[in-house]
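These are my notebook entries from an afternoon of looking things up, written so that I can follow my own steps later.

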Amino acid sequence: MTGAFWKLASFERATFEAFRFFSSLKLAVVSILSLAVILAGGTVVESLYGMRSAHLLIYGTWWFYGVLFFLGTNVFCAALSRYPWKRHQIGFVLTHAGILTVLLGSFLTMRFGVDGSMPVTEGSAGNEMYLPEPELVVVDEETERRSRYAVPESVTEKRGRVLEISLGHSSKLAIDHYIPRALTSRVISPSPIEGLGRPAVRVELFNDQVHIDEWLIHDHPGRAKELPLGPAVISFNKLWTKDAEKSFLDPPGPKPAAPGTLTVNYRGERFELAVDPTLSSWSPLGKTGFEIRIARFLPHAVVENGKLISRSRNPVNPAVDLLVRRGLKELEKHTVFSNFPEFSTLHRKHQNKNTGENELGLQFRLAWGAQAIAAEKTGRLELVQTADDKRLLYRVFGKNGNTKGKVTIGSVIGTGWMDLGFKVSEWIPSAVEEYVPRSIEFLSGSDSEYPSAIHLRTESTRGIASDSGYWLTEGVSRTLTVGKRRIQVQYGRRRMVLPFSIHLEKFTMGTDPGTQRAASYESVITVKDPESNSEPKVTISMNEPLQQGRYTFYQASYQQGAGKTMISIFAVNYDPGRFVKYGGALLMVLGILVMFYMNPHYWDKMLGVRKI
Amino acid sequence: MAEIAIQDRGRLKPIDTFAMESLLYLTGKRRWKGMSPVECVFGWLFTFEEVWDKEAFIAIHYLPLKKQVSLPESRNYFSPDELRSNAPLGKLIREAAIKKQRKEKISDIEKKAIGVQNQLSLIHSIVSGAVLYILPNPEGTDRDWASLASLAQQASDAWLPYEPDQKEKLGELIKSLLEAYTASDAGAWNESAPAFQAFLRDDLSKGRYPRRFSLKKEIHYNHFRPFRWAWIFYATAFVGLLLYLVSSYSICKFIGTSLLGIALLTHMYGFILRCSITERPPVTSMYESVIWVSFVCVLFSLLIWLRYKNWVIPTAASVFSVAGLVLGDNLPSVLDPGIHPLMPVLRSNFWLTIHVLTITSSYAAFALSLCLGNVVLGNYLFRPSNIPKIQQFSLFMYRAQQIGVVLLAAGTILGGVWADYSWGRFWGWDPKEVWALIALLVYVAVLHGRFTGWLRGFGFVACTVVSFLAILMAWYGVNFVLGAGLHSYGFGSGGLSYVMGYVLLQLAFIGAAYSRHRKVRVADEINPAIFPRT
């Protein structure tokens, strides 16, 4: 044997040596344990930095595939080295063949499979799915040429040269900052260009229970910026003349009161309507598109026999029933009590099931008689910046009278209501606001909640920056001017277009009775496939996927989009290795069973019986 | 009164369950000064300001918190009034709440402060009736019920679809309850309580009310506590069997085995009861998994006993059962015994049920191999030269380990099948599945190690015992230590000191057995005649 061995060519000898090395049982123990240790490390990484990071650092790396390949070779050689196999080795061979098959199936999935997600908004169709890898798409607006660039990910924040893209004409695009989990926050700072900013104040309002700390930016000339805080309102305005200053501090006496005033707040806008006979027909509400009609006026509202009626004509408990419509569709019915502004005005059957709130976002208040003006301004804190931008003035309307004067930054002024004090902690007469992402630590739970962000800038090829750069968070695009060209940059997950589209008819979420907790998700969809004429309507729900072509759609989760529309999120998956893995798994378990529970003696007996 | 149904956290249950869970959450006890939980709830409802606001019954055990907000450290119970008026505590709670909202990391003290806040808000929402959703919805039992608080807010359009005379009657009934309670008039109470209960069931609900039988069943489950009886029986069975093994008196054997049978039946009865209450398969929470593993561990021991007829096997298994059931019975904050609705992906899923039962059964088999392994180690420590016994017990241990390997391999794969079926991913590198794979790899490495000759006799047993730590990690550690991933239904905290304590004891025991074994130097090589080649 030894002699024959040395007569072999060196290549064959090396092969033989390698085979002997890989088929060793001791190596198997070492490689099994090494894999266990690596996997344990992977779970620790996942716990600290999230699923995606574990993929980037361990499970998705070439060296990890190398380890699996090494183990596969080990299993293969070990199984082969016992050839020719004896009867009692059937279990052993099956098990090891099973492991190899599972590894092969995993390789197929990894190499050829697709695993992404696809959000579809209720009432619209989608045919694009998102893969986990981020990319930057650069579109030349003139030629409409699109180029796509993979953005290298990292587990932690990264500065410096992340990616450089040449744009031709001696200019380039550089990503110089990458944030894996970004929380975008508003940063307010003095305007770098004089005259281009807007007045901004940071107001704190507090007592023992509450502490409100908010920036108010005056962004519409001529209209006060208002921050409604339940029963109170903080407003901030900019005065344009010296006279306005005077009338701010010494307002003219109250106007003669209308019998009643209905105040409507809609997304920060305020409308005042006098409650008189004209309102019994539809009246428009500014430019909002809503119309309001008072159906019933109840000066002395009481509940009798479960119904709201007016007991007399005296304004004891004034209330109105009113209807809201847009176009010709009646949308909501409200009852507003003058004495009980804290009651929910909306009738129950119109209430949003999930939030218990008013869906249109209209807020009503009714003020009556002499109290109309006083009540209207109670709990109001008004701040103004003077015309010369040098001073900040305030006035407070409280129950116990009004106070007014000049604001000193940082000093506390009492308001007279609810023991609240306020202070202006910062004031920038000419400010700019920016949204700047900041890197946040991974907290156990889900890391997909926070999108990644990149900082981009254009440079000339000689490395001279031509601008200070822009932040792009996932899903954001921006148009840049480079030289004479205009290009659009889009940052987001890599997209893949499917050959058919999914139209979401309806998304429903069931809840556990008495709670808001999701109990089930269900999407009713139609598949629009240009290759087939029929458009079947299908329901996808949790654990009930849809198979369409080679793709399978699973109900993964949902999101609430703008205006309360629902977005259903599907996991989309194509897995060519599925049945290979299943087969391998079956072989493996079968093999272990045979190995443990059917000893040679038993086999012989069984086969012996068959022979007869 | 216990049979009043309440809608609480997405489930209709007898108020008995709600009261028990609330009392446990507030005081950590099952009774308060001789009062049953339901009595406590009505006490809070009717005499809070007069009695309970000043009664020290809210449990706070965490010393650093008490120190920081200067509560007397010697006391463990505090009254709602003194907690509310504690300014530093209020400040701490507010700050912690802001941090939590901003998703910043919060310290342990802040976590406990939020816990106190939760206790306070629970008691106050019971007192105001805001969580007492006992007014049935005549549209059906799967609809939203109304709380007692909504009765008081008649002016607003809170949901109450009753006729005016029904509302009036309801008001009267509650009033008579209140009067009877405050006057401590047992006769009046015994009259108005059933009337109130019957009114809710028969009148308001229009017949849409949980069946009396199912409410009674749950109350029986709450009070009978089958799993506690099970561990008591297991413990006595263990003593009986141990006496038999030591003394060979057949009377001990008779007592031990019959107690073991009774324990197993009680255990099973508890499971059937619980499953029929939850209306789902048994293993859906950490608590249930502990109970299930304890059960299957004994079953497997009997399976191996059938083959070898050696009573050491069930005796060793009953130790694990007692340990598991005692933990389940006494650590409600770590192993929550409550029955809660499942997250959507875990509902009504055939593959999930099969997967979970297989995986947890493999834990049970490994637990059995752990117990038997410790029996072998005990022999190495105390009777190191009794090689035939050592080899025989090692074989039992190996048999349990084999069952474990088969089930763990199958269970892990079934997990993949389930994941593939539910969201199209056979393997998603979820920590729970990765740790199941790690545990499998570790056991497989031990088996291969035996073939290489690296592990013989003592080494093989010790490594098998140590391998159970991987199971512990997959079972407990992923949910309670790593706390990440998709298997979030079982997340919790606490208990780490117990687990670490066990791990250290186990390692010390192995170390002691090893040093004795080294000293004695007996050849303990596995005897191929009794030990199988595979």
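The entries below go from a whole chain to a surface patch and then to one helix.

Entry one, chain A. I kept in mind from the start that this is a predicted model. I looked up the secondary structure of chain A and found 10 helices together with 33 strands. I then asked what share of the 612 residues in chain A is buried, and the answer was 42%. For the accessible surface of chain A I noted about 33,300 Å², with 56% of that area belonging to carbon and sulfur atoms. Turning to contacts in chain A between residues at least 6 apart in sequence, I found that 54% of them join residues at least 24 apart.

Entry two, a surface patch. I found a nonpolar patch of about 430 Å² on the surface, made by F76(A), L80(A), Y83(A) and W85(A). I followed W85(A) further and placed it in the loop between α5 (62–81) and α6 (90–112) of chain A. W85(A) has a relative accessible area of 38%, and because this lies between the 20% and 50% cut-offs, I recorded W85(A) as partly exposed.

Entry three, helix α13 of chain B. This helix covers residues 286–308, and I checked its length: at 1.5 Å a residue its 23 residues should span 33 Å, which agrees with the 33 Å between its end C-alpha atoms. Is α13(B) largely enclosed or open, I wondered, and why? I found 18 of its 23 residues buried, so α13(B) is largely enclosed by the rest of the structure. Just after α13(B), I noted that K309(B) takes a positive phi of about 50°.

Key:
Residues are numbered from 1 along each chain as its sequence is written. Chains are lettered from A and ligands numbered from 1 in the order in which they are written. This is a predicted model: local features need pLDDT of at least 70, side-chain atom pairs count only at pLDDT 80 or more; totals for chains, interfaces and linings use all residues. Side-chain values use heavy atoms; hydrogens and water are left out. Helices (H or I, at least four residues) and strands (E, at least two) are DSSP runs, numbered from the N terminus. The expected span of a helix is 1.5 Å times one less than its number of residues. Buried means under 20% relative accessible area, exposed over 50%, partly exposed in between (1.4 Å probe, protein chains only). Contact means heavy atoms within 4.5 Å. Accessible areas come from the Shrake-Rupley method with a 1.4 Å probe; for residues, only the protein chains shown count as cover. Patches are made of residues with over 30% relative accessible area and no salt bridge: like charges are joined within 9 Å, nonpolar side chains (Val, Leu, Ile, Met, Phe, Trp, Tyr) within 5 Å. A salt bridge is a side-chain nitrogen of Lys or Arg within 4 Å of a carboxyl oxygen of Asp or Glu.
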